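Let's take a walk through this structure together, from the inside outwards. Here it is.

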Amino acid sequence: MAQAVNNYTFSYTWSNGDVITGGFSGNASGNLINDLTHISFSLNGVVVTGPIGSSGDEYGFSPAIASFDGQQNKLVFYNSDFSSFFISQDAGPVYGPPGTNFFGVKVQGVGDACDNYTGDAGPGFVCKGAIGSVMRWTVSAVPEPSTATMLLGGLAGLGALARRRARS
């Protein structure tokens with residue numbers, strides 16, 4: 001059963017400590033998040049500015065898909081001139097066995113790409129160290145403001161009820 005559109009934050013950490021962070025909106029269903037919009041990302045705090053597009057491949061032929069475990073990601077986030085991008089998708093058999101997820105990033109000319117299974121560098125990139133089998137991708141839902149408001153309202157109601165009972 002699909003959930004309503006939610007906001008999500010994500011991060012990926014390379015073995016050398018470089019971190020890409022960002023966010024997007026989408027529809028979660030099981031392990032997958034579809035219909036990605038409102039995308040933002042940065043590398044080590046350097047934010048990609050301007051409109052950011054997305055697709056499931058570098059040619060823009062398929063829709064972007066993110067997964068909570070990172071192993072089913074099929075996404076390319078990019079700015080208008082492709083000078084900054086973040087890629088996470090199945091790269092086997094070129095970079096490893098089928099199902100191997102490749103993570104790559106370039107922000108304003110700085111970045112690298114490494115296969116998270118083998119640690120091999122992608123074409124034109126320098127690998128900053130083997131990544132191994134440790135998952136370095138996280139994605140989590142951001143609570144909606146209305147959810148927090150309802151929670152606070154419920155807690156206030158319980159407090160008022162407890163106070164009323166204490167008086168009697």
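A good place to begin is F24, which, leaving aside neighbours within four places in sequence, is in contact with N6, N7, Y8, F10, I33, L36, T37, H38, I39, A66, F77 and V139. Contact here means heavy atoms within 4.5 Å. Please keep in mind that this is a predicted model, in which local features need pLDDT of at least 70, side-chain atom pairs count only at pLDDT 80 or more, and totals for chains, interfaces and linings use all residues. Residues are numbered from 1 along each chain as its sequence is written, and side-chain values use heavy atoms, with hydrogens and water left out.

**The core around F24**

F24 is also one of the residues that touch the most other members of the largest nonpolar core, a set of 24 residues; F10, F41, F77 and F86 are the others named. Such a core is a set of buried Ala, Val, Leu, Ile, Met, Phe, Trp, Tyr and Cys residues joined through side-chain atoms within 4.5 Å. Buried means under 20% relative accessible area, exposed means over 50%, and partly exposed lies in between (1.4 Å probe, protein chains only). Two or more core residues come from each of β1 (5–13), β2 (19–29), β3 (32–43), β7, β9 (101–107) and β11 (137–142). Of these, β3 gives the most, with five residues.

**The chain as a whole**

How are the elements ordered? From the N terminus on, they run β-β-β-β-β-β-β-β-β-β-β-α, so there are eleven strands and one helix, where helices (H or I, at least four residues) and strands (E, at least two) are DSSP runs numbered from the N terminus. The protein chain has 168 residues, and 37% of them are buried. Among contacts between residues at least 6 apart in sequence, 43% join residues at least 24 apart. The accessible surface comes to about 9200 Å², with 59% of that belonging to carbon and sulfur atoms; areas are from the Shrake-Rupley method with a 1.4 Å probe, and for residues only the protein chains shown count as cover.

**N73 and S88**

Now let's turn to the loop between β6 (66–67) and β7 (74–79), where N73 is found. N73 counts as buried because its relative accessibility is 2%. What does its side chain reach? A polar atom of the N73 side chain lies 2.8 Å from the backbone nitrogen of S67, and the N73 side chain also makes a polar contact of 2.8 Å with the side chain of S88. A polar contact is a pair of N or O atoms within 3.5 Å; within protein, one must be able to donate a hydrogen and the other to accept it, and residues adjacent in sequence count only if both atoms are side-chain atoms. Beyond four places in sequence, the contacts of N73 include I65, Q89, D90, N101, F103 and W137.

Its partner S88 sits in strand β8 (residues 85–90) and is buried, with a relative accessible area of 0%. Not counting residues up to four places away, S88 touches G70, N73, K74, L75, N101, F102 and F103.

The loop that holds N73 is also where Q71 lies. The C-alpha atoms of Q71 and D90 are 7.8 Å apart in space, with their positions 19 residues apart in sequence.

**Residues with more access**

The table sets some of the less covered positions side by side.

| Residue | Place | Relative accessible area |
|---|---|---|
| Q71 | loop between β6 and β7 | 47%, partly exposed |
| H38 | strand β3 | 68%, exposed |
| N44 | loop between β3 and β4 (46–47) | 45%, partly exposed |
| T138 | strand β11 | 45%, partly exposed |
| L158 | helix α1 (residues 145–167) | 56%, exposed |

H38 has a positive phi of about 50 degrees although it is not a glycine, and N44, also not a glycine, has a positive phi of about 50 degrees.

T138 makes a side-chain polar contact of 2.8 Å with the side chain of S11. Leaving aside neighbours within four places in sequence, T138 is in contact with T9, F10 and S11. Its C-alpha atom is separated by 7.3 Å from that of G70, 68 residues apart along the chain.

**A leucine patch**

Finally, L158 belongs to a nonpolar surface patch with L151, L152, L155 and L161, and together they have about 520 Å² of accessible area. Patches are made of residues with over 30% relative accessible area and no salt bridge (a side-chain nitrogen of Lys or Arg within 4 Å of a carboxyl oxygen of Asp or Glu). Like charges are joined within 9 Å, and nonpolar side chains (Val, Leu, Ile, Met, Phe, Trp, Tyr) within 5 Å.
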